[in-house]
Every structure is written in C-alpha cells, then in structure tokens.
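Biologist: Could we take a close look at one part of this model, the helix that carries aromatic and charged side chains, and follow its contacts outward? I would like one connected account rather than a list.

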Amino acid sequence: MMESMPGKKVHFVNSPFSRAKETGAIVAAAVGIKEDSPNFEINNDLRERFFGKDLELKKSSEHYPTLWKEDEASNGTKGPGPDGESANAVAERIQGVVKGLEEKHKDAIIILSAHGDICTIGLAALTGSPISTHFKNGLANCELRPAN
C-alpha cells in the first residue's frame, strides 16, 4: 500500500500500551523508521477503551459480545458498567487525535497502531459509518486499512 505512494513522508503514531507499541515498531522498522525517530510517536489518546472499574484487569475479549450489544442498543452513548467509556466518547477522542495529526503532518501517510475497539470505532467515525455498530467492521490483528 505504501509503495503505491512514493515520496510520501510516513509518520507512525502508537498507543502507549505495549502490544500496540510493539506492533507499530515492527511495521515502522520494515519501512526504515526507528522508535527513536521523530516519525515515531506515542499518543496516550490511542490507549484502549476504558471498560470501567468492574472489568478493569479482566480479560476484555470475553466481554466484547455484551459490550457491543450495549453499544448498539444505546446508539453508542452508554459505556460498560457505571463508569466505562462509551463508543461515542472513544469516537470523539480518536477524531481529535486524527485531526491534530493531519494538521501537524500535512501530506504525510499517518499510520496508527492501537487496539481493537479503538480501531473499529475510529474507523467508523472517520468513514461516517454508525459508531454503534463499529464491531461489524472488525479488523484482523495487524491489519492495515486506509481511513481516508
């Protein structure tokens, strides 16, 4: 995909969580960008969706079917449990990240490395798809998908 855009500057932006940061570093290295490069940054707003204190430190993948039903039923307005982050709140967070990056890195290819819900919610928000059904556009691990 990137080979079809010769001469474009590439900028990697990664979640601070280790699994996404490591994936971003592997992909960046494949195109000659090191973690200590100015073209490789960590952005705390790409952290995983907060599922609430009731689910904190529990295996979140077991809860996805229930969470996604809640996302759809509430039209993205309700987060999991009493204090979880709603899909709409995540969408606003990701749109803010992308807007800031586009302003800062004009004409660059920007590659985000984040987590499942962050990626599907962000992709829905950036493409105008319904946020409440973000999970229907699932991504495979390490999938590269354009959002422009």
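Modeller: What follows starts with the aromatic pairs, moves along helix H2 to its charged residues, and ends with other salt bridges and a pair of strands. Please keep in mind that this is a predicted model, and that the values below are computed from it.

A search of the whole structure finds three aromatic pairs. In one of them, the ring centres of Phe51 and Tyr64 lie 5.8 Å apart with the planes at 75 degrees, so this pair is edge-to-face, given that planes over 60 degrees apart count as such. Phe51 sits in the loop between strand S2 (40–42) and helix H2 (64–73), whereas Tyr64 belongs to helix H2, so that the pair links distant parts of the chain, 13 residues apart. Both Phe51 and Tyr64 are buried.

Further along helix H2, Trp68 pairs with Phe135, and here the geometry is of the other kind: the centres are 5.5 Å apart and the planes stand at 5 degrees, so the pair is stacked, the limit for that class being under 30 degrees. Because Trp68 lies in helix H2 and Phe135 in the segment after helix H4 (116–127), this pair ties together parts that are 67 residues apart in sequence. The two partners fall into separate accessibility classes, since Trp68, with a relative accessible area of 24%, is partly exposed, while Phe135, at 19% relative accessibility, counts as buried; the cut-off for buried is under 20%. Taken together, ring pairs link Phe51, Tyr64, Trp68 and Phe135 into a cluster.

Helix H2 also holds Asp71, which is buried, with a relative accessible area of 0%. Leaving aside residues up to four places away in sequence, Asp71 touches Arg49, Gly76, Lys78, Ala87, Ser132 and His134. One of these contacts, Arg49, reappears among the charged interactions, where Arg49, Asp71 and Asp117 are linked in a network of salt bridges. Another contact of Asp71 is Lys78, and Lys78 forms a salt bridge with Glu70, the closest N and O atoms being 3.8 Å apart, which falls inside the 4 Å limit for a salt bridge. Both ends of that bridge are partly exposed, as Lys78 has a relative accessibility of 40% and Glu70 one of 25%.

Looking beyond these residues, the search of the whole structure finds seven salt bridges. Among them is the one between Asp45 and Arg47, whose closest N and O atoms are 3.2 Å apart; Asp45 is partly exposed, with a relative accessible area of 34%, and Arg47 is partly exposed as well, at 30%. The bridge between Arg93 and Glu85 has its closest N and O atoms 2.8 Å apart, and in this case both Arg93 and Glu85 are buried.

A last element to place beside this picture is strand S3 (residues 109–113), which has a covered face made up of Ile109, Ile111 and Ser113, and an uncovered one with Ile110 and Leu112. Strand S1 (residues 10–14) pairs with S3 in the parallel sense over five bridges, and within that pairing Ile110 of S3 is the bridge partner of His11.

Note on methods
Residues numbered from 1 in each chain as written. Predicted model: local features only at pLDDT ≥ 70, side-chain atom pairs only at ≥ 80, totals over all residues. Heavy atoms only, no water. Phe/Tyr/Trp six-rings, centres within 6.5 Å; stacked < 30°, edge-to-face > 60°. Helix = DSSP H or I, 4+ residues; strand = E, 2+ residues; numbered from the N terminus. Buried < 20%, exposed > 50% of the residue type's maximum accessible area, 1.4 Å probe, protein only. Contact = heavy atoms within 4.5 Å. Salt bridge = Lys/Arg side-chain N within 4 Å of Asp/Glu carboxyl O. Pairing = 2+ DSSP bridges.
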